[in-house]
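Please take me through this model stop by stop. Tell me what to select in the viewer and what I will find there.

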Amino acid sequence: MSTTDVSTSDTGRSPDREARFRTAYEATYPDLLRFVQRRVHPTLAEDIAADVFLVAWRRFDDLPPDAADARAWLFGIAQRTLLNGQRGDRRRQALTIRIADAIVVAQGGEAWKESGSELVARRLDLAAGWSRLTPGHQETLSLAVWDGLDGPQAAVVLGISPVAFRLRLSRARRALRRYCELTPAQPSSSPAALREGNPS
Amino acid sequence: MTPRLHGKDLLDPATSDALRSLDPANVDPQVAAGPRAQETLARILASDVSEPTTTMPVKTGWARGPRRRWVVAGSALVAVGVLIAAPSVLKGKSAVVVPPALGSNTAFASWSPTTKVITPAEAALAGQRCKADQLHLINTAAARKIVGSSQIRLVDRRGAWTMVYLGGGVQPDYGVICLNEYDSHGALLNGGGGGASSGGPGIAPVAPDTVTLFTGVGFSTQSGVTWCVAGQVGSDVVSVVINTIEHGPVEATIQNGYFAAWWPGPGPLPMPQAVSAEPTYTLTLKGGTIRANIPQDQLLPKLR
């Protein structure tokens with residue numbers, strides 16, 4: 001192998017590597033953008049996604065060949081990138097995750113026509129209950145429900161064991177149920193129907 | 001993609017479906033083929049891969065200076081402000097007294113229990129920014145209609161932070177509170193917004209000698225929780241003071257028939273423990289009558 005060849009390989013610029021990375025990028029970009037959007041203001045999400053893929057390109061040799069595993073691996077990079085963005089002693093081990101505004105979601109869809117229906121009430125319950133969860137619980141549920149990761153994949157994102165993730169998921173599920181029970185949705189005519197939510 | 005719940009279903013199917021529908025992320029599935037994503041990809045492929053991966057690239061979201069530290073910087077509000085147990089706080093179901101010594105909310109060092117005077121132009125600008133932030137977060141046709149038609153109820157500045165209470169419009173019970181920090185040139189440093197309430201057609205009009213509390217919101221910040229309250233004032237009410245656990249009396253702003261105030265809560269705590277004790281309210285009426293220490297739950301909306 002010539003010196004030039006070694007250099008080309010070292011810098012990861014071979015056409016094959018580029019093609020594989022391009023495939024992974026295009027397959028994963030929308031999901032990664034969603035992952036980031038839930039954790040930061042949407043105007044920042046594209047910049048952060050770019051950071052994540054740049055790190056992934058530089059660590060291309062570590063990119064799992066399986067698409068689902070690669071996706072989880074990229075989420076893990078995003079998670080650490082976001083946590084590292086929190087400075088100094090304010091760094092935390094979990095990120096607060098937004099939930100959509102139950103009212104706006106309902107009005108934007110067919111469900112609004114059934115105002116007061118079980119679905120709308122359930123969404124209001126969930127939005128209120130979600131806001132009471134710890135960031136760790138939000139993170140766990142978000143990975144399972146919104147990102148659709150299985151236990152081992154979610155564990156990769158968080159850098160913990162699959163067993164530990166399962167435990168967290170169980171606790172998070174219980175907490176969400178408990179908080180939903182504590183904050184029952186009220187019909188709009190109720191005096192206590194303070195419509196909380198997050199128009200996000 | 002279709003979420004894959006593992007093992008036993010995560011939650012019951014109806015709840016899982018409802019939760020999926022509340023995913024705040026809004027991304028075009030074809031976004032990767034778009035010009036911005038392709039431009040990013042080209043830039044990445046052209047980058048020098050020999051640079052250490054532990055160094056953040058120059059063009060990161062929060063490395064561009066204070067304007068871009070909206071969410072992720074240390075003192076920023078997290079995301080759009082997390083609503084914490086407002087129903088419970090307002091209804092007194094699970095109020096927990098938090099000893100003040102547990103921590104301080106350092107993000108709001110410039111906060112004061114009285115408000116600062118701001119010009120109408122500053123208030124209008126703050127309101128526009130609050131609306132723009134909401135539309136950034138969910139920019140659907142329905143949201144544009146609701147947010148776009150809402151009005152600025154009031155603006156309340158304490159130290160470097162400004163709270164905006166928007167509400168009304170085509171969706172009468174829509175409301176939102178934004179809490180933002182600006183630099184001396186008016187550039188946004190940190191902030192966020194969260195859901196609120198504005199009452200609605202089923203709510204009785206506020207009596208002249210009282211206030212109706214529509215909203216109690218807790219914003220989760222990196223250094224603690226910040227509480228916001230907002231509502232409508234009766235025609236005889238000239239002053240609203242909220243007697244808080246954390247800071248004693250906090251004078252609310254009254255504008256356009258509405259009142260609102262905010263105050264930093266305790267330092268970081270697990271959410272259940274971070275739920276503050278309910279404050280009481282002291283109202284001053286025209287003629288000097290003072291209604292002191294009214295429990296918060298007496299000020300909740302009443303049915304027509």
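**Stop 1: chain A as a whole**

Select chain A and show it as a cartoon. Its secondary structure comes to 9 helices and 0 strands. Follow the chain along its sequence and the pattern reads α-α-α-α-α-α-α-α-α.

This is a predicted model, so colour chain A by confidence next. The mean pLDDT of chain A is 72. A value of 70 or more is reached by 64% of its residues.

Now select residues 106-116 of chain A. Here pLDDT stays under 50. For this stretch the model has 17 contacts beyond four places in sequence. Move on to residues 182-200 of chain A, where the pLDDT is also below 50. That stretch has 75 contacts in the model beyond near neighbours in sequence.

Switch chain A to a surface. Chain A exposes about 7800 Å². Carbon and sulfur atoms supply 50% of that area. Of the 200 residues in chain A, 58% are buried. Consider the contacts in chain A between residues at least 6 apart in sequence: 65% of them join residues at least 24 apart.

**Stop 2: the rings of chain A**

How many aromatic pairs does a search of the whole structure find? The count is 12 over all chains.

Select Tyr25(A) and Tyr29(A) and show their side chains. The ring centres are 5.1 Å apart. The planes stand at 35°, so the pair is tilted: stacked would need under 30 degrees, edge-to-face over 60.

Both tyrosines, Tyr25(A) and Tyr29(A), lie in helix α2, residues 15-37 of chain A. They are 4 residues apart, about one turn of the helix.

Are these two rings on buried or exposed residues? Tyr25(A) is buried, with a relative accessible area of 0%. Tyr29(A) is buried too, at 2% relative accessibility. The cut-off for buried is under 20%, so both values qualify.

Widen the selection to Phe21(A), Phe53(A), Trp57(A) and Phe60(A). Ring pairs link these residues with Tyr25(A) and Tyr29(A) into a cluster.

**Stop 3: charges over rings**

Select Arg178(A) and Tyr179(A). The charged end of Arg178(A) sits over the ring of Tyr179(A), 5.3 Å from the ring centre.

Chain B has an arrangement of this kind to look at. Select Arg153(B) and Tyr165(B). The charged end of Arg153(B) sits over the ring of Tyr165(B), at 5.6 Å from its centre.

**Stop 4: chain B as a whole**

Show chain B as a cartoon. It has 6 helices and 12 strands. Of its 304 residues, 56% count as buried.

Bring up the surface of chain B. About 12000 Å² is exposed, and carbon and sulfur atoms supply 57% of it. For contacts in chain B with a separation of 6 or more, residues 24 or more positions apart account for 63%.

**Stop 5: the cysteines of chain B**

A disulfide is a covalent bond between the sulfur atoms of two cysteines. How many disulfides are counted over all chains? The count comes to 1.

Select Cys130(B) and Cys178(B) to see it. Their sulfur atoms are 1.9 Å apart. The angle about the S-S bond is 75°, and the link is right-handed.

What does this link tie together? Cys130(B) lies in helix α4, residues 120-137 of chain B. Cys178(B) lies in strand β3, residues 174-182 of chain B. The pair therefore ties together parts that are 48 residues apart in sequence.

Both ends of the link are buried: Cys130(B) has a relative accessible area of 0%, and Cys178(B) also has 0%.

Add Cys228(B) to the selection. Why does Cys228(B) not bond to Cys178(B)? The closest cysteine sulfur to that of Cys228(B) is in Cys178(B), 10.0 Å away, which is too far for a bond. Cys228(B) counts as buried, at 1% relative accessibility.

**Stop 6: two asparagines**

Select Asn256(B). Its phi is near 55°, a positive value in a residue other than glycine. Asn256(B) lies in the loop between β9 (253-255) and β10 (258-264) of chain B. Asn256(B) counts as exposed, at 59% relative accessibility.

Finish at Asn293(B). Its phi is near 55°, again a positive value in a residue other than glycine. Asn293(B) has its place in strand β12, residues 290-295 of chain B.

How values were computed: Residues numbered from 1 in each chain as written. Chains lettered and ligands numbered in written order. Predicted model: local features only at pLDDT ≥ 70, side-chain atom pairs only at ≥ 80, totals over all residues. Heavy atoms only, no water. Phe/Tyr/Trp six-rings, centres within 6.5 Å; stacked < 30°, edge-to-face > 60°. Buried < 20%, exposed > 50% of the residue type's maximum accessible area, 1.4 Å probe, protein only. Lys NZ or Arg CZ within 6 Å of the ring centre and 35° of its normal. pLDDT = per-residue confidence, 0-100. Contact = heavy atoms within 4.5 Å. Areas by Shrake-Rupley, 256 points an atom, 1.4 Å probe, with all protein chains shown as cover. Disulfide = S-S within 2.5 Å.
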